[in-house]
Structures are given as C-alpha cells and as structure tokens.
Amino acid sequence: MSQDIDYGTLMHTAMRGLIKTVLRGVSETGLPGAHHFFITFDTRQEGVEIADWLRQRYPDEMTIVMQHWFENLEVGEDGFSITLNFGDAPEPLYIPYLAIKTFVDPSVEFGLRFESPEDEDETDQIVEEPIEVEVEEEEPHHDADVVSLDSFRK
C-alpha cells in the first residue's frame with residue numbers, strides 16, 4: 001500500500017467541485033454580467049448522453065458554449081444536464097464532470113484544463129496560468145455554438 005498523497009487527484013476533484021459550484025449558481029440565478037463558458041468534454045466518457053448525430057459529428061470531444069441561449073440546466077453530484085440549441089433544434093445533453101477536459105470563462109480570462117495520461121505529454125497537469133482565449137465582439141444571438149478549442153491550446 002502506497003503512503004503517498006495523490007495531490008493530482010485531490011486537485012482535480014477540487015477543480016471539478018469548483019465547476020459544480022459555478023454551474024449550480026448559474027442554474028439558480030443565471031449568468032451574471034458578461035460571463036459565459038466554453039466547456040470541452042470527452043464524448044467517449046462513460047455517462048455522456050448526447051444525440052446520435054452529435055456523437056457522429058464529434059466522436060472524440062465536443063465543445064459547448066453556455067452564453068445567450070440555454071435552458072433546463074440541472075446540476076447534480078456527478079454531472080450536469082443542459083438543453084442547447086443547435087440550428088434551431090433544442091438538444092438535451094448530460095455531461096459527467098469526469099468527462100470535462102477544459103472549462104473556460106473568457107470574460108475573466110479563467111480556465112481549467114484536465115489532462116490525462118492519454119494526452120500528448122502523458123502527465124496530469126494543473127494549469128496554474130489562465131488559458132488565453134481571444135473573443136471577438138459580435139452581435140448577441142440565441143443559438144449555441146459548437147467550437148473547437150484546439151486553436152487556443154499551447
């Protein structure tokens with residue numbers, strides 16, 4: 001039996017708890033000010049529930065944007081459910097916290113990234129610096145956008 005403290009796992013658990021707390025607040029009072037989220041998740045993770053056509057289009061990972069239009073945000077102990085609009089077609093999703101790869105709030109330059117041994121550098125890391133995200137100002141719209149964060153990764 002190992003007597004080492006697994007700080008990486010403890011930190012990831014705390015960071016996922018932070019996401020849960022933020023989402024719970026949004027579910028109760030809405031998004032404050034200019035806050036909005038880019039959430040990238042692993043579509044292959046056990047427990048992820050998305051429409052078949054979304055799984056076919058995003059077989060490995062998907063990024064959702066919580067900003068102008070979303071509804072039915074329910075925050076549970078192991079994950080959250082939300083309905084987003086994809087081209088005027090509302091789609092419910094369920095995302096376990098363990099599936100989340102990145103959580104970014106570009107309005108305050110805050111970001112979390114969860115890496116696993118399968119990732120490029122084969123080590124778990126905790127991002128100590130904010131993830132830089134360039135956001136162009138645009139007219140508000142009511143459709144959720146699916147974007148790739150690949151261009152934002154270092």
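Let me start with helix α1, whose 23 residues should span 33 Å at 1.5 Å a residue, and since its end C-alpha atoms lie 33 Å apart, the expected and computed values agree. Please keep in mind throughout that this is a predicted model. The helix covers residues 7–29, and directly after α1 comes G30, which has a positive phi, near 85 degrees.

Which residues of α1 are buried? They are H12, M15, R16, I19, K20, L23 and V26, so the list holds charged side chains as well as nonpolar ones, and I would ask you to look at their positions along the helix. An α-helix has 3.6 residues a turn, so residues three or four places apart point the same way. As for what lies over the buried residues of α1, the cover includes β1, β2, β3, β4, β6 and β7.Now to the sheet on which the helix packs. Four strands form an open sheet in the order β2-β1-β6-β7, paired in the antiparallel sense. At its edges are β2, residues 61–66, and β7, residues 110–113, each of which pairs on one side only. On average, and with direction ignored, neighbouring strands of this sheet are turned by 10 degrees against each other. Helix α1 packs on this sheet and touches β1, β2, β6 and β7, while its direction makes about 130 degrees with that of β7.

Let me stay for a moment with the pairing of β6 and β7. Strand β6, residues 100–105, pairs with β7 in the antiparallel sense over four bridges, and one detail to look at is D105, whose bridge partner in β7 is F110. Is D105, which belongs to strand β6, buried or exposed? With a relative accessible area of 5%, D105 is buried. If we leave aside its neighbours within four places in sequence, D105 is in contact with H35, H36, F37 and F110. D105 and F38 are separated by 67 residues in sequence, yet their C-alpha atoms are 6.6 Å apart in space.

The loop between β6 and β7 holds E109, a residue that is not a glycine and nevertheless has a positive phi of about 50 degrees. At 57% relative accessibility, E109 counts as exposed. A second residue of this kind is N72, which has a positive phi of about 55 degrees although it is not a glycine. N72, however, is found in strand β3, and with a relative accessible area of 47% it is partly exposed.

That brings me to the interior. In soluble globular proteins, nonpolar side chains tend to be buried together. The largest nonpolar core in this model has 30 residues, and those with the most contacts inside it are F41, M62, F80 and L93. Which elements each supply at least two residues of this core? They are α1, β1, β2, β3, β4, β5 and β6, with the largest share, four residues, coming from α1.

F41 is a useful residue on which to centre the view. Apart from its neighbours within four places in sequence, F41 is in contact with V48, I50, D60, E61, M62, I64, L93, I95, A99, I100 and K101. Among these contacts are M62 and L93, which also belong to the core residues with the most contacts.

To close, I would suggest viewing the model from α1 towards the sheet, with β1, β2, β6 and β7 as the strands that the helix touches.

Definitions and conventions. Residues numbered from 1 in each chain as written. Predicted model: local features only at pLDDT ≥ 70, side-chain atom pairs only at ≥ 80, totals over all residues. Heavy atoms only, no water. Pairing = 2+ DSSP bridges. Axes fitted to C-alpha atoms, helices over the stretch in contact; angles between N-to-C directions. Contact = heavy atoms within 4.5 Å. Core = buried A, V, L, I, M, F, W, Y, C linked by side-chain atoms within 4.5 Å. Buried < 20%, exposed > 50% of the residue type's maximum accessible area, 1.4 Å probe, protein only. Expected span 1.5 Å × (residues − 1).
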